[in-house]
Amino acid sequence: MNWESNVRKVVPYVAGEQPSGKVIKLNTNENPYAPAPGVSALLKGYDVSLLRKYPDMNSSSLVNALSEKYNVKPSQIFVGIGSDDVLAMAFLTFFNSGKKILFPDITYSFYDVWADLYKIPYETIPLDDDFKIHPEDYEKENGGVIFPNPNAPTGVAMDPADIRKILDHNRDVVCIVDEAYVDFGTESALSLLPEYDNLLVVQTFSKSRSMAGLRVGYAIGNEKIISYLQDVKFSFNSYTMNSLTLAVGAEAVRDDEYFNTTCEKIIRTREKLKADLRELGFEFPDSKANFIFATHPAVSAESIYTELKKRNIYVRYFKKPRIDNYLRITVGTDEECDELVRNLKEITG
Ligand code: PMP
């Protein structure tokens with residue numbers, strides 16, 4: 001039994017449930033709309049003999065499409081298997097000083113898992129009672145900073161001036177802005193890249209591009225920061241991105257019109273859902289993401305979650321300090337949200 005004392009023991013991240021069958025699924029911030037139409041056409045005509053060979057190690061087709069879209073050099077882009085893979089690589093690469101890294105106490109619950117996995121010390125910085133990040137809290141000595149913008153699971157976006165303040169006070173460490181939900185109405189930190197060589201911006205195809213199942217994420221930064229990330233990645237696994245994913249991903253990036261239309265649709269539905277929830281007495285911080293983090297003054301979040309589930313409607317509930325009376329509700333189609341509201345009215349009425 002002695003071998004067990006040598007095992008790396010970790011408490012893994014727990015993702016939201018993936019129920020099968022006919023349910024209204026508003027629990028993992030997936031996009032309710034299909035990927036760009038060109039994706040389906042590409043898949044139908046895909047030449048499978050291409051799978052015979054190893055994929056392009058440099059992921060050039062996808063990287064070039066992203067480089068055009070964001071107007072940065074291909075050497076400023078790193079791609080991975082979803083932003084989870086990109087973020088995990090970034091933790092491994094940049095948070096290596098032995099000093100504590102900083103992130104909010106209420107945030108993406110994978111950050112502490114990666115920190116534990118890689119034995120990176122960390123300190124969580126409490127959000128205020130309105131779930132806001134205060135840049136002054138990030139002025140202490142640290143080994144790196146990471147936060148999502150907008151934050152998850154709160155949906156609260158930061159003032160661009162506050163991001164700048166955090167960067168100004170942390171020039172000697174890498175600061176990662178996780179922009180998984182940025183396309184639903186938040187200003188990206190990408191415009192700050194020319195000024196801050198320690199900034200890494202991470203985005204994903206999982207939410208705004210309707211492709212959580214494809215697993216594509218990317219980081220954009222200056223050439224030096226990206227080359228360090230590449231060195232670690234190529235010391236880990238050369239072929240993370242498969243040929244099919246590269247082709248499909250590149251095709252999706254090129255369809256800006258479809259992308260803008262779906263994002264606008266989700267924003268419109270989100271604003272309508274906010275009004276409907278408010279009418280039922282729910283309270284929530286203003287969300288700029290594709291979800292709303294809501295609490296009800298009279299009925300507990302846990303009981304609403306359980307009751308909704310009985311009715312085949314899935315939302316996310318976190319039994320965690322400070323947020324155990326909140327539900328994270330993904331914005332679905334108008335019809336799905338109307339059905340949710342109809343059920344919430346019965347449950348809370
Ligand atoms: N960052 C945040 C804040 C998220 O909520 C998620 C989704 N779980 C991710 C990153 C990872 O998303 P993906 O790996 O699908 O790109």
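This section describes the aromatic pairs, ring-charge contacts, pockets and cavity of the structure. The model is predicted.

A search of the whole structure finds 20 aromatic pairs. One of them joins Tyr13 and Tyr108. The centres of these two rings lie 5.7 Å apart, and the planes meet at 70 degrees. The geometry is edge-to-face, because the angle is over 60 degrees. Tyr13 belongs to the segment before β1 (24–26). Tyr108 belongs to the loop between β3 (101–104) and α4 (111–117). The pair therefore ties together parts that are 95 residues apart in sequence.

The two tyrosines fall into separate accessibility classes. Tyr13 has a relative accessibility of 23% and counts as partly exposed. Tyr108, at 19%, counts as buried. The cut-off for a buried residue is under 20% relative accessible area.

A second pair is formed by Phe110 and Trp114. Here the ring centres are 4.1 Å apart. The planes stand at 5 degrees, so the pair is stacked. Phe110 is buried, with a relative accessible area of 16%. Trp114 is also buried, with a value of 4%.

Both pairs feed into one aromatic cluster, which holds Tyr13, Tyr108, Phe110 and Trp114 among its members. Phe91, Phe95, Phe103, Tyr111 and Tyr122 belong to the cluster as well.

Arg209 is placed over two rings. Its charged end sits over the ring of Phe205, 5.7 Å from the centre. Arg209 also lies over the face of Phe259, with 4.0 Å to the ring centre.

The largest pocket has a volume of about 770 Å³. Its lining comprises 36 residues. Closest to the centre of this pocket are Tyr13, Tyr108, Ser109, Arg316 and Arg328. The edge-to-face tyrosines are thus among the residues closest to the centre of the largest pocket. Two elements, α3 (82–94) and β3, give two or more residues to this lining. By class, the lining of the largest pocket divides into 15 nonpolar, ten polar and eleven charged residues.

The second largest pocket encloses about 390 Å³ of space. It is lined by 20 residues. Nearest the centre of this pocket lie Pro12, Tyr13, Val14, Ser109 and Lys320. Tyr13 and Ser109 are named for the centre of the largest pocket and for that of the second largest pocket. Helix α4 and strand β10 (313–317) are the elements that give two or more residues to the lining of the second largest pocket. This lining has eleven nonpolar, three polar and six charged residues.

The search of the whole structure finds one cavity of 30 Å³ or more. About 60 Å³ of space lies within the largest cavity. Its lining is made up of Ala36, Ser208, Arg209, Ser210, Ala252, Asp255, Tyr258, Phe259 and Thr262. Helix α8 (residues 256–279) gives the most to this lining, with three residues. Four lining residues of the largest cavity are nonpolar, three are polar and two are charged. Arg209 and Phe259 both line the largest cavity, and Arg209 lies over the face of the Phe259 ring.

Notes
Residues are numbered from 1 along each chain as its sequence is written. This is a predicted model: local features need pLDDT of at least 70, side-chain atom pairs count only at pLDDT 80 or more; totals for chains, interfaces and linings use all residues. Side-chain values use heavy atoms; hydrogens and water are left out. Rings of Phe, Tyr and Trp (its six-membered ring) pair if their centres lie within 6.5 Å; planes under 30 degrees apart count as stacked, over 60 as edge-to-face and the rest as tilted. Helices (H or I, at least four residues) and strands (E, at least two) are DSSP runs, numbered from the N terminus. Buried means under 20% relative accessible area, exposed over 50%, partly exposed in between (1.4 Å probe, protein chains only). A charge sits over a ring if NZ of Lys or CZ of Arg is within 6 Å of the ring centre and within 35 degrees of the ring normal. On a 1 Å grid over the protein atoms alone, a cavity is a set of points where a 1.4 Å probe fits but cannot get out, and a pocket is an open set with protein on both sides within 12 Å along at least five of seven lines; lining residues have an atom within 4 Å of a point. Grid points are joined across faces, edges and corners, and a volume is the space filled by probe spheres set on the points. Ala, Val, Leu, Ile, Met, Phe, Trp, Tyr, Cys and Pro count as nonpolar, Asp, Glu, Lys and Arg as charged, and the others, Gly among them, as polar.
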